[in-house]
Amino acid sequence: MTRVLILGGTAEARALAAALAGMPGVRPISSLAGRVADPALPAGEVRIGGFGGAAGLAGWLAAEQIAAVVDATHPFAATISWSAAEAAATTGIPILALRRPGWTQGPGDDWRRQPSAAAAAGALESLAVGGSAVGGSAMGGSAMGGPAVSGPAVSGSAVGGSAERVFLTTGRTELAPFAGLDRHWFLIRSIEAPLPPLPIRRHLVLARGPFSVAQEIALMREHRIQVLVTKDSGGPLTEAKLVAARELRLPVLLIQRPPLPDVAAVPTVDAARDWVLALAAEQRG
Ligand code: NAP
C-alpha cells in the first residue's frame with residue numbers, strides 16, 4: 001500500500017484526494033493547516049494542524065511511512081511548500097507540487113502587478129482613476145448574506161483623484177499592510193473574521209465563495225468600488241471578481257506569488273493523480 005501525503009487546503013487537493021480515494025494500492029492522507037473552524041473536508045483520511053517546520057514534517061513522514069508527498073497547497077502558502085521541499089529532500093521521499101497556473105491578463109483588463117501586499121498598499125496611495133466610482137447605492141447592510149461589521153461613515157468621492165474605495169480580497173491574515181491607509185475605504189471579504197491590524201475605514205463581508213460574476217458586479221456596484229486588490233491565486237473558483245472588474249472597467253492591483261521551491265510540478269489534478277499512480281505501480285514492482 002502506497003501512503004501518500006496530500007498537503008491541502010485547496011479545491012485541487014480535495015479533488016486529488018477524491019480521485020485517489022478509491023484506487024487500489026494507494027492510501028491518500030490529506031493534511032490541513034487548521035486555519036478555519038469549519039473547513040471543507042477532503043475524502044478519505046484527514047489530519048489537521050502544523051507539523052513543526054521542515055524537521056517536524058520529515059519526522060512525521062518517516063513515522064507514518066509515507067511514500068510520496070503531493071504539495072497541493074495554495075500558491076501563496078509558501079512556508080509549508082518550502083518545508084515540504086526540505087523534508088522531502090532530507091528523507092528522500094518523492095515530492096510533486098500541484099500548482100494551478102496564475103491568471104492571464106486579457107483584452108479589457110487593467111491589471112497592475114505588485115510584488116507584495118506592501119507594494120500594493122503603496123500603489124494604492126498613488127493610483128489615479130480616470131472616471132468616477134462605479135454606480136450603485138450607498139453603503140449599508142451585509143452583502144452576500146454574511147454578517148458584516150461597518151466602520152466609520154465614508155464619503156463616496158475619490159480623495160484627490162486617487163482610488164479611494166477598495167475591494168480587498170487578500171485573505172484575512174494579510175491585511176496589515178493596508179491598516180495604515182486612512183484616506184482609503186476598504187470592502188474586506190474573508191471566510192472568517194480577519195486578524196488585526198485592520199484599516200480603520202472598512203466594511204467587512206464574511207462569506208465563502210465561489211461567487212458568480214453577477215454577484216461580484218452587484219457587490220462592487222453596491223459599494224461603489226474603484227479598485228480591486230487581490231492575489232494572483234489562479235484557478236476558476238475565484239476568477240469572477242476579475243471578470244467583474246473588467247466589465248466595470250476597474251483597475252486591479254494583482255499581488256504576485258511568493259517564491260516557491262523548485263520541485264517537480266504539474267498544473268492539473270489529473271497529472272498529479274497519474275504521478276501518484278505511476279509511483280505506486282513502480283513501488284509494487
Ligand atoms: P503557510 O504560511 O505556508 O504555512 C504556515 C504554517 O501553517 C506552516 O509552516 C505549517 O505549520 C502550517 N500549514 C500550512 N499548510 C498546512 C497543511 N496543509 N497541513 C499542515 N500544516 C500546514 O500557509 P498559509 O498561507 O497560512 O495557508 C494555510 C493553509 O490554507 C494552506 O494549507 C493553504 O493551502 C490554505 N490556503 C491558503 C491561502 C492563502 O492565500 N495563503 C488561500 C487558500 C487556502 P508547521 O510549520 O508547524 O508545519
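What covers the buried residues of helix 2? In this predicted model, the cover includes strand 1 (2-7), strand 2, strand 3 (45-48), strand 4 (68-71) and helix 3. The residues concerned are A54, L57, A58, W60 and L61, which are the buried positions of helix 2 (residues 53-63). Viewed down the helix axis, these buried residues fall within an arc of 165 degrees, so they line one face of helix 2. A55 and A63 lie on the other side of the helix, where they are exposed. Helix 2 is followed by Q65, a residue with a positive phi near 55 degrees.

Two of the elements that cover helix 2, strand 2 and helix 3, also take part in the surroundings of the ligand. Strand 2 (26-32) and helix 3 (78-91) each supply at least two residues of the ligand shell. Helix 3 provides the largest share, with three residues. The shell comprises 21 residues, among which G8, S31, F51, G52 and K231 come nearest to the ligand. By residue class, the shell divides into 11 polar, seven nonpolar and three charged residues.

Polar contacts to oxygen atoms of the ligand involve both backbone and side-chain atoms of the protein. G52, one of the residues that come nearest to the ligand, places a polar backbone atom 2.8 Å from a ligand oxygen. For H74, a backbone N or O atom is found 3.0 Å from an oxygen atom of the ligand. The contact of K231, in turn, is made through the side chain, an N or O atom of which lies 2.5 Å from a ligand oxygen. On its own, the ligand has 800 Å² of accessible area, and the protein covers 76% of that area.

A further site examined is S190, which is found in strand 9 (residues 185-190). With a relative accessible area of 7%, S190 falls under the 20% limit for burial, and it is therefore classed as buried. A polar atom of the S190 side chain lies 2.8 Å from the backbone oxygen of E192. When residues up to four places away in sequence are not counted, S190 touches R172, L204, V205, L206 and A207. The surroundings of this buried serine thus comprise a polar partner in E192 together with contacts that include R172 and L204.

Notes. Residues are numbered from 1 along each chain as its sequence is written. This is a predicted model: local features need pLDDT of at least 70, side-chain atom pairs count only at pLDDT 80 or more; totals for chains, interfaces and linings use all residues. Side-chain values use heavy atoms; hydrogens and water are left out. A residue is near a molecule or strand if one of its heavy atoms lies within 4 Å of it. A polar contact is a pair of N or O atoms within 3.5 Å; within protein, one must be able to donate a hydrogen and the other to accept it, and residues adjacent in sequence count only if both atoms are side-chain atoms. Accessible areas come from the Shrake-Rupley method with a 1.4 Å probe; for residues, only the protein chains shown count as cover. Helices (H or I, at least four residues) and strands (E, at least two) are DSSP runs, numbered from the N terminus. Ala, Val, Leu, Ile, Met, Phe, Trp, Tyr, Cys and Pro count as nonpolar, Asp, Glu, Lys and Arg as charged, and the others, Gly among them, as polar. Buried means under 20% relative accessible area, exposed over 50%, partly exposed in between (1.4 Å probe, protein chains only). The arc is that of the directions from the helix axis to the C-beta atoms. Contact means heavy atoms within 4.5 Å.
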